[in-house]
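Biologist: I have a model open and would like to learn how to read its features. Could you take me through a few of them?

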Amino acid sequence: MIVPAQISAGASVNYCLENLVQTPQIPALVPANIQVERIQAVGVGKIPQIVYKTAKGRCSTLLSKRQFLTIWQCWLQIRHPQIEKIESWEIKASGLQFTTNRGLFGLTFSEAKAFLSRYNRAAIEPLSVKCNGSDTVVWNPLHQTISQVSETGCSCADSLYRNTICKHQIAVHLCRNQGILGDRAS
């Protein structure tokens with residue numbers, strides 16, 4: 001199937017979208033677009049909680065510790081592919097801190113909040129992924145866009161101008177992590 005689409009950088013192009021792989025289903029934090037405002041631990045058990053805004057107002061939700069770890073394992077493996085496991089985590093005044101098999105890693109609250117919002121978008125949007133030679137492309141049928149993801153980042157505005165991990169990088173990571181995409185040489 002040849003589909004006219006907008007490349008994330010803005011140019012219109014016809015692109016072959018055969019053999020797409022649907023991004024594995026991950027649980028959404030919230031079944032709506034959100035903007036995370038705060039990440040905190042509550043109670044004696046230090047249960048992770050996010051406070052966020054939606055189109056309908058401000059809300060909060062508790063996350064299981066397992067879901068919290070899964071989300072940050074995703075972030076760490078995109079940023080630092082050599083990391084295999086988070087051994088412990090802590091919410092500090094300056095941000096999140098992770099002890100891993102490769103040492104300590106910190107994450108500022110601003111980057112953590114942006115990542116959680118994009119992780120949620122990757123969970124609720126039907127993104128599809130395809131290996132295309134040296135790059136991987138992600139098709140977003142809702143917005144009719146194609147983004148190119150490489151080891152150095154993505155062609156979308158979130159990655160290029162905000163220098164953050166975007167929903168397209170998350171989609172590619174999820175596909176590779178579950179072994180349904182294969183490697184670049186495929």
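Modeller: We will look at a sheet, a helix across it and one loop residue. This is a predicted model, so local features need pLDDT of at least 70 and side-chain atom pairs count only at pLDDT 80 or more, while totals for chains, interfaces and linings use all residues. Residues are numbered from 1 along each chain as its sequence is written, and side-chain values use heavy atoms, leaving out hydrogens and water.

Biologist: What is the order of the strands in the open sheet of three?

Modeller: Strands of a sheet pair through backbone hydrogen bonds, either parallel or antiparallel. Strands (E, at least two residues) and helices (H or I, at least four) are DSSP runs, numbered from the N terminus; two strands pair if DSSP finds at least two bridges between them. Here the order is β4-β5-β6, with antiparallel pairing.

Biologist: Why do β4 and β6 each have one side without a neighbour in the sheet?

Modeller: β4 (35-42) and β6 (57-62) are at the edges with a single partner strand each, so one side of each has no neighbour there. From one strand to the next, the twist averages 20 degrees. Six bridges join β5 (residues 47-54) to β6, and Gln-49 stands opposite Leu-62 in β6.

Biologist: Which helix lies across β4 and β5?

Modeller: That is α2 (residues 109-124), at about 110 degrees to β4. Axes are lines fitted to C-alpha atoms, for helices over the stretch in contact (heavy atoms within 4.5 Å), and angles run from 0 to 180 degrees between N-to-C directions.

Biologist: Is Ser-94 buried or exposed?

Modeller: Buried means under 20% relative accessible area, exposed over 50%, and partly exposed in between (1.4 Å probe, protein chains only). Ser-94 has 60%, so it is exposed. Ser-94 sits in the loop between β7 (86-91) and β8 (95-100), and touches Leu-107, Thr-108 and Phe-109, not counting residues up to four places away in sequence.
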